[in-house]
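Welcome! Please take a moment with the sequence and the 3D view before reading on.

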Amino acid sequence: MKIPSGGFIPVATTIPVAIITTTTAATSHKLHPCFPGTSCSESQQERALGKVTGSGCRQQELIAMGWFFLKVLLVGVSLSGFLYPLMDFCISGKTTGQKPNIVIILADDMGWGDLGANWADTKDTANLDKMASEGMRFVDFHAAASTCSPSRASLLTGRLGLRNGVTHNFAVTSVGGLPLNETTLAEVLQQAGYITGMIGKWHLGHHGSYHPNFRGFHYYFGIPYSHDMGCTDTPGYNHPPCPSCPRDNGSLRNLDRDCYTDIALPLYENLNIVEQPVNLSSLVQKYTEKATEFIQQASASGRPFLLYVGLAHMHVPLSVSQPLANAQSRRPYRAGIREMDSLVGQIKHKLDHTAKENTFLWFTGDNGPWAQKCELAGSVGPFTGSWQTHQGGSPAKQTTWEGGHRVPALAYWPGRVPANVTSTALLRCCSTPTVEQLGSSEPCKVSAWSVTRPSTSQVEPKLVTGASGLSGITLFPLFSI
């Protein structure tokens with residue numbers, strides 16, 4: 001891996017970091033002429049004090065009482081959470097002149113109930129549960145789409161599929177990808193002097209200018225699309241099971257329409273194919289090594305960095321390092337969850353020992369579990385979509401039912417993101433670069449509803465500071481509308 005050299009590039013940038021905060025604005029009200037303390041006549045003041053009954057001042061009293069009850073109502077609604085979408089988003093805590101590192105880990109087809117911190121029945125995510133206890137957990141977070149490509153496009157652009165042009169998954173035969181006129185988070189941060197790296201599944205176009213190296217990432221190591229979209233020598237667990245790649249020139253295309261046997265799954269390092277077909281049983285180890293190596297080299301360079309990790313877990317085919325005796329049980333999925341949890345734990349461990357104080361770590365999923373894969377699919381928790389399932393349908397991936405887009409979400413940044421906090425705010429979508437030049441200490445006034453795409457404008461950097469700490473709810477992504 002080669003990290004680009006060069007000095008800091010003084011270009012204004014925006015990053016997808018935000019925290020919901022509530023502020024009390026000072027308001028001023030003009031006193032009515034008949035209120036005590038104003039230059040009124042004695043009779044007017046007596047009337048205002050209630051000593052004399054008059055229709056004019058009585059009307060003013062009723063208006064004042066109406067305003068009072070309205071304010072009480074608004075405060076109650078605010079505290080109950082209904083006004084969360086209208087609040088401003090910003091970051092709090094101690095600020096420095098150094099730009100923060102950003103690490104995004106995106107799980108594939110992971111259910112809301114697959115996170116132990118979300119669902120008591122899950123016991124296989126020790127590292128993620130620890131991250132939740134040390135950071136913030138969002139229990140009502142929703143991906144931008146319930147399928148792979150649209151969700152990932154929104155993550156990187158901050159725009160929903162109808163705006164960024166990605167409304168369906170890209171296929172092996174697709175010649176296009178994320179439209180070239182869309183600006184990605186990596187491109188914005190790269191222009192601001194960040195070292196940018198992407199490891200794992202891309203699935204936003206794999207030909208020519210749609211490759212990650214041309215979409216803002218200095219370094220890329222991973223597969224161009226889902227790992228069930230090409231044959232391997234280690235197929236893993238899937239429904240239906242697919243064979244290994246043919247050993248000769250013969251094709252097994254007609255074996256099953258869900259199996260790809262005419263092209264072997266490639267593994268890229270930048271623009272070069274370094275392995276084909278991919279050995280799925282060793283892919284997790286390779287991802288871990290490349291991620292930790294990137295963090296080490298980027299930290300040593302003295303420049304801020306963005307690392308985006310698109311995991312293969314928990315998409316089928318499930319492949320674990322150790323073969324399982326009983327593949328017909330839930331054991332393959334649970335083993336895969338533990339393997340993914342270990343990978344996240346190793347990345348977090350590396351960050352804690354190299355750039356803990358200045359790194360924002362965000363973990364979430366691209367969409368819900370693939371229910372049609374039965375015991376090889378994850379858990380939607382309580383969001384089972386009873387009506388839908390009774391009709392013979394799925395409440396998960398590829399649907400607009402809650403289990404299809406409600407996903408786990410965790411934020412971790414010691415000293416900046418409060419520890420062991422759970423947010424019930426209704427949140428949606430993806431990372432939208434909106435806060436610029438993080439070294440500032442000015443208060444944040446970036447609206448969640450006002451920004452829908454990356455910006456390189458010269459807006460003042462905005463952060464919340466002060467001894468009082470957080471006054472609201474921490475949030476990394478902003479809404480896309």
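Here is a guided walk through the model, from the overall picture to a few local details.

## The overall picture

The model is predicted, so a look at the confidence comes first. The mean pLDDT of the protein is 75, and 66% of its residues reach 70 or more. Two stretches deserve some caution. Over residues 42-53 the pLDDT stays under 50, and the model gives this stretch 17 contacts beyond four places in sequence. Residues 432-481 also have a pLDDT below 50, with 169 contacts in the model beyond near neighbours in sequence. Where pLDDT is low, the predicted coordinates should not be read in detail.

The protein has 481 residues, of which 53% count as buried. Its secondary structure comes to ten helices and 18 strands. Among contacts with a separation of 6 or more, 74% join residues that are 24 or more positions apart.

## Two helices

Let us begin with helix H3, which covers residues 126-134. Which of its residues are buried? They are Leu-128, Met-131 and Ala-132. Seen down the axis of H3, these buried residues fall within an arc of 100 degrees, so they line one face of the helix. An α-helix has 3.6 residues a turn, so residues three or four places apart point the same way. The partners of the buried residues of H3 are strand E5 (136-138), helix H8 (331-354), strand E12 (359-365) and strand E13 (409-412).

Helix H4 (residues 148-157) makes another picture. Ten of its ten residues are buried, so H4 is largely enclosed by the rest of the structure. Among these buried residues are Cys-148, Pro-150, Arg-152, Leu-155 and Thr-157. The buried residues of H4 pack against strand E4 (101-107), H5, H6 and strand E11 (305-310). Right after H4 comes Gly-158, which has a positive phi near 75 degrees.

Two of the elements that pack against H4, namely H5 and H6, also frame a loop. Thr-183 lies in the loop between helix H5 (161-164) and helix H6 (185-191). Is Thr-183 buried or partly exposed? Its relative accessible area is 25%, which makes Thr-183 partly exposed, since buried means under 20%. The C-alpha atom of Thr-183 is separated by 10.0 Å from that of Arg-159, 24 residues apart along the chain.

Strand E13, a packing partner of H3, leads to another loop. Arg-416 sits between E13 and strand E14 (421-423). At 11% relative accessibility, Arg-416 counts as buried. Although Arg-416 and Gly-135 are 281 residues apart along the chain, their C-alpha atoms are separated by 9.3 Å.

## Backbone details in the loops

Most residues other than glycine have a negative phi, and most peptide bonds are trans. The table lists some places in this model to compare with that rule.

| Place | Backbone feature | Value |
|---|---|---|
| His-239 and Pro-240 | cis peptide bond | omega about -5 degrees |
| Gln-276 and Pro-277 | cis peptide bond | omega about 0 degrees |
| Asn-270 | positive phi | phi near 55 degrees |
| Gln-398 | positive phi | phi near 75 degrees |

Where do these residues lie? Pro-240 is in the loop between strand E8 (219-222) and strand E9 (267-269). Pro-277 is in the loop between strand E10 (272-275) and helix H7 (283-301). Asn-270 belongs to the loop between E9 and E10, and with 24% relative accessibility Asn-270 counts as partly exposed. Gln-398 is found in the loop between helix H9 (386-390) and helix H10 (402-405). The relative accessible area of Gln-398 is 44%, so this residue is partly exposed as well.

## A pocket that includes Gln-398

Gln-398 appears once more in the second largest pocket, which holds about 370 Å³ of space. This pocket is lined by 17 residues, and those closest to its centre are Asp-228, Met-229, Tyr-260, Trp-370 and Gln-398. What is the lining of the second largest pocket made of, by class? There are six nonpolar, six polar and five charged residues.

To finish, Gln-398 is a good residue to find in the 3D view: it has a positive phi and is among the residues closest to the centre of the second largest pocket.

Conventions: Residues are numbered from 1 along each chain as its sequence is written. This is a predicted model: local features need pLDDT of at least 70, side-chain atom pairs count only at pLDDT 80 or more; totals for chains, interfaces and linings use all residues. Side-chain values use heavy atoms; hydrogens and water are left out. Buried means under 20% relative accessible area, exposed over 50%, partly exposed in between (1.4 Å probe, protein chains only). Helices (H or I, at least four residues) and strands (E, at least two) are DSSP runs, numbered from the N terminus. The arc is that of the directions from the helix axis to the C-beta atoms. Contact means heavy atoms within 4.5 Å. pLDDT is the predictor's confidence in each residue, from 0 to 100. On a 1 Å grid over the protein atoms alone, a cavity is a set of points where a 1.4 Å probe fits but cannot get out, and a pocket is an open set with protein on both sides within 12 Å along at least five of seven lines; lining residues have an atom within 4 Å of a point. Grid points are joined across faces, edges and corners, and a volume is the space filled by probe spheres set on the points. Ala, Val, Leu, Ile, Met, Phe, Trp, Tyr, Cys and Pro count as nonpolar, Asp, Glu, Lys and Arg as charged, and the others, Gly among them, as polar.
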